[in-house]
Amino acid sequence: MKLPFAALPLETSTIDADGTLTLRYECPLCHRESSVSGVDRDRWQAWRHGITGPVTEVFPHLTDGEREILKTGVHPACWDLAFSEEALAEFQDDDALQPYNPE
Ligand SMILES: [Zn+2]
């Protein structure tokens, strides 16, 4: 059984009045909070333990961005920024790839 890549939610995640989860994460790119609400608890538990299928099948009602947060905690806007043409161009710039040297 292969476990899906599922980010570890923060302890501030909650079970809401309707019994669904609001899962909160720390975005690894900007370190601010990201969250997804209305997540079915049983489905989420089964998914993260690899019992059910891919995230798109288990959570068809969530947006692509919300599913990405469940997997990585990364905000959709942060993905866009990190993989924008400008960012990729910078990555291909030789100067940007020099190792850090404090001297
Ligand atoms: Zn972010």
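The buried residues of helix H3 are covered by elements that include strands S2 and S3, helix H2 and helix H4, the last spanning residues 76-82. This is a predicted model, and the packing around H3 offers a convenient way into it. Within H3, the residues Glu68, Ile69 and Leu70 are buried. Glu66 also lies in H3, which covers residues 64-72, but Glu66 is only partly exposed, because 19 other C-beta atoms lie within 10 Å of its own, whereas a residue counts as buried when 20 or more do so. Although Glu66 and Ser34 are 32 residues apart in sequence, their C-alpha atoms are 9.3 Å apart in space. After H3 comes Gly73, which has a positive phi, near 80°.

To place this helix in the whole, it helps to step back to the chain. The protein chain contains five helices and three strands, and reading along the sequence gives the pattern β-β-β-α-α-α-α-α. Of its 103 residues, 18% count as buried. Among the contacts in the protein chain with a separation of 6 or more, 42% are between residues 24 or more positions apart.

The three strands make up an open sheet in the order S1-S2-S3, with antiparallel pairing. Strand S1 (14-15) and strand S3 (33-39) are at the edges and have a single partner strand each, so one side of each is left without a neighbour in the sheet. H3 packs on this sheet, where it touches S2 and S3, and the direction of H3 makes about 110° with that of S3.

The two pairings can be followed in turn. S1 and strand S2, which covers residues 21-26, pair in the antiparallel sense over two bridges, and Thr14 stands opposite Thr22 in S2. These two strands form a hairpin with five residues between them, and Gly19 in that turn has a positive phi of about 90°. On the other side of the pairing scheme, S2 and S3 run antiparallel and are joined by five bridges; Arg24 has Ser35 in S3 as its bridge partner, while Glu26 stands opposite Glu33 in S3. S2 and S3 also form a hairpin, here with six residues between them, and His31 in the turn has a positive phi of about 65°.

Which residues of S2 point to the buried face, and which to the other? The side chains alternate along the strand, with Leu21, Leu23 and Tyr25 pointing to one face, where they are buried, and Thr22, Arg24 and Glu26 pointing to the other, where they are not. Leu21, Leu23 and Tyr25 belong to the largest nonpolar core, a set of twelve residues that also includes Val36, Val39, Trp44, Trp47, Val55, Val58, Phe59, Ile69 and Leu70. The elements giving two or more residues to this core are S2, S3, helix H1 (41-48), helix H2 (55-58) and H3, and the largest share, three residues, comes from S2. Val55, one of the core residues, touches Pro4, Trp47, Arg67, Leu70 and Lys71 when residues up to four places away in sequence are not counted.

H1 can be read in a similar way, from its buried side outwards. Trp44, Trp47 and Arg48 are the buried residues in H1. They cover an arc of only 90° around the axis, which puts them on the same side of H1. The face turned away from that buried side carries the exposed residues Asp42 and Gln45. What covers the buried residues of H1 includes S2, S3 and H2, and these three elements are also among those that cover the buried residues of H3. H1 is followed by Gly50, whose phi is positive, near 75°.

Notes:
Residues are numbered from 1 along each chain as its sequence is written. This is a predicted model: local features need pLDDT of at least 70, side-chain atom pairs count only at pLDDT 80 or more; totals for chains, interfaces and linings use all residues. Helices (H or I, at least four residues) and strands (E, at least two) are DSSP runs, numbered from the N terminus. Two strands pair if DSSP finds at least two bridges between them. Two residues are in contact if their C-beta atoms, placed from the backbone, lie within 7 Å. Axes are lines fitted to C-alpha atoms, for helices over the stretch in contact, and angles run from 0 to 180 degrees between N-to-C directions. A nonpolar core is a set of buried Ala, Val, Leu, Ile, Met, Phe, Trp, Tyr and Cys residues joined through C-beta atoms within 7 Å. The arc is that of the directions from the helix axis to the C-beta atoms.
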